[in-house]
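Open the structure in a viewer and keep the selection panel at hand. The stops below are meant to be taken in order.

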Amino acid sequence: MTAVNVSFAACGFLGIYQLGAVGAFLRHGDKLLASLKSCAGSSAGALVAAVMLTAPDKVKVCKEFTYNFAENVRQQRFGAVTPGYNLMSKLREGIEEMLPVDAHVLASDRLHVSLTHSRSGKNLIVSRFNSREELIQALLASSFVPLYAGLQPVKFRGE
């Protein structure tokens with residue numbers, strides 16, 4: 001059987017649509033899932049890919065988190081840029097809730113996270129994770145949008 005790789009685009013809160021697609025894969029895509037080798041993504045796409053590979057049983061919980069997260073941002077006076085609101089902290093809470101303790105083991109060599117180096121602008125694809133925390137940092141760094149998510153970029157492996 002031919003190996004299949006799936007890529008999820010960066011898309012912010014539209015990641016809810018990708019979660020719907022993952023739900024359909026899990027319900028009706030036995031053939032696809034049987035041949036699935038790896039997933040790739042950036043930003044919300046990387047988050048969805050991580051859930052699909054490491055915690056498929058949490059897709060429904062992830063959808064609920066996404067709805068609540070979006071609603072929480074909308075309730076802020078100036079959205080995500082409201083002074084004192086920490087979008088990345090809220091996102092980290094959700095990631096920590098979704099990912100199992102061995103997520104980095106399940107994701108290594110199967111999840112490919114696209115990152116952009118903040119100073120050079122160069123793209124890097126990461127697929128090896130030494131710990132759950134390193135996986136979480138990669139997902140947060142991929143999801144960081146300057147100004148919208150804060151002023152200080154998320155560090156990954158010290159950069």
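This tour of a predicted model goes through the strands, the core, a loop, an aromatic pair and the chain ends.

**Stop 1: the strands**

Select β1 (4-8) and strand β2 (residues 36-41) together. The two pair in the parallel sense, over 5 bridges. To find one of these bridges, pick V4 and look for its partner in β2, which is L36.

Now add β3 (111-116) to the selection. How many bridges join β2 to β3? There are 3, and these strands also run parallel. G41 has its bridge partner in β3, namely V113.

**Stop 2: the nonpolar core**

Keep β3 in view and pick L111. The largest nonpolar core has 44 residues, and L111 and L139 are the ones that touch the most other members. Which helix gives this core its largest share? Helix α3 (residues 44-54) does, with 8 residues. As background, nonpolar side chains tend to be buried together in soluble globular proteins.

Show the surroundings of L111, leaving aside neighbours within four places in sequence. Its contacts then are C39, A46, A49, A50, L53, V126, S127, F129 and L135.

**Stop 3: S127 and the loop before α7**

One of the contacts of L111 is S127, so-called here by its place in the sequence, and it makes the next selection. S127 lies in the loop between β4 (123-126) and α7 (132-143). Is S127 buried or exposed? With a relative accessible area of 18%, S127 is under the 20% limit and therefore buried. Again without the neighbours within four places in sequence, S127 is in contact with A107, S108, D109, L111 and H112.

**Stop 4: D109 and R157, two positive phi values**

From S127, move to its contact D109. D109 sits in the loop between α6 (103-107) and β3. Check its backbone: phi is near 70 degrees, a positive value in a residue other than glycine. Most residues other than glycine have a negative phi. D109 is partly exposed, with a relative accessible area of 44%.

Then select R157, in the segment after α7. R157 is not a glycine either, and its phi is positive at about 55 degrees. At 46% relative accessibility, R157 counts as partly exposed.

**Stop 5: the aromatic pair**

A search of the whole structure finds 1 aromatic pair. Select F65 and F69: their rings are stacked, 5.3 Å centre to centre, with 20 degrees between the planes. Where do the two residues lie in the fold? Both are in helix α4 (residues 59-75), and because they are 4 residues apart there, about one helical turn separates them. F69 is buried, at 10% relative accessibility.

**Stop 6: T2 and Q152**

Go to T2, in the segment before β1. T2 is exposed, with a relative accessible area of 64%. Draw a distance from T2 to S35: the C-alpha atoms are 6.5 Å apart, while 33 residues separate the two in sequence.

Finish at Q152, which is found in the segment after α7. Q152 counts as exposed because its relative accessibility is 66%, over the 50% limit. Draw one more distance, from Q152 to S118. The residues are 34 apart along the chain, and their C-alpha atoms are separated by 9.7 Å.

Note on methods
Residues are numbered from 1 along each chain as its sequence is written. This is a predicted model: local features need pLDDT of at least 70, side-chain atom pairs count only at pLDDT 80 or more; totals for chains, interfaces and linings use all residues. Side-chain values use heavy atoms; hydrogens and water are left out. Buried means under 20% relative accessible area, exposed over 50%, partly exposed in between (1.4 Å probe, protein chains only). Contact means heavy atoms within 4.5 Å. Rings of Phe, Tyr and Trp (its six-membered ring) pair if their centres lie within 6.5 Å; planes under 30 degrees apart count as stacked, over 60 as edge-to-face and the rest as tilted. Two strands pair if DSSP finds at least two bridges between them. A nonpolar core is a set of buried Ala, Val, Leu, Ile, Met, Phe, Trp, Tyr and Cys residues joined through side-chain atoms within 4.5 Å.
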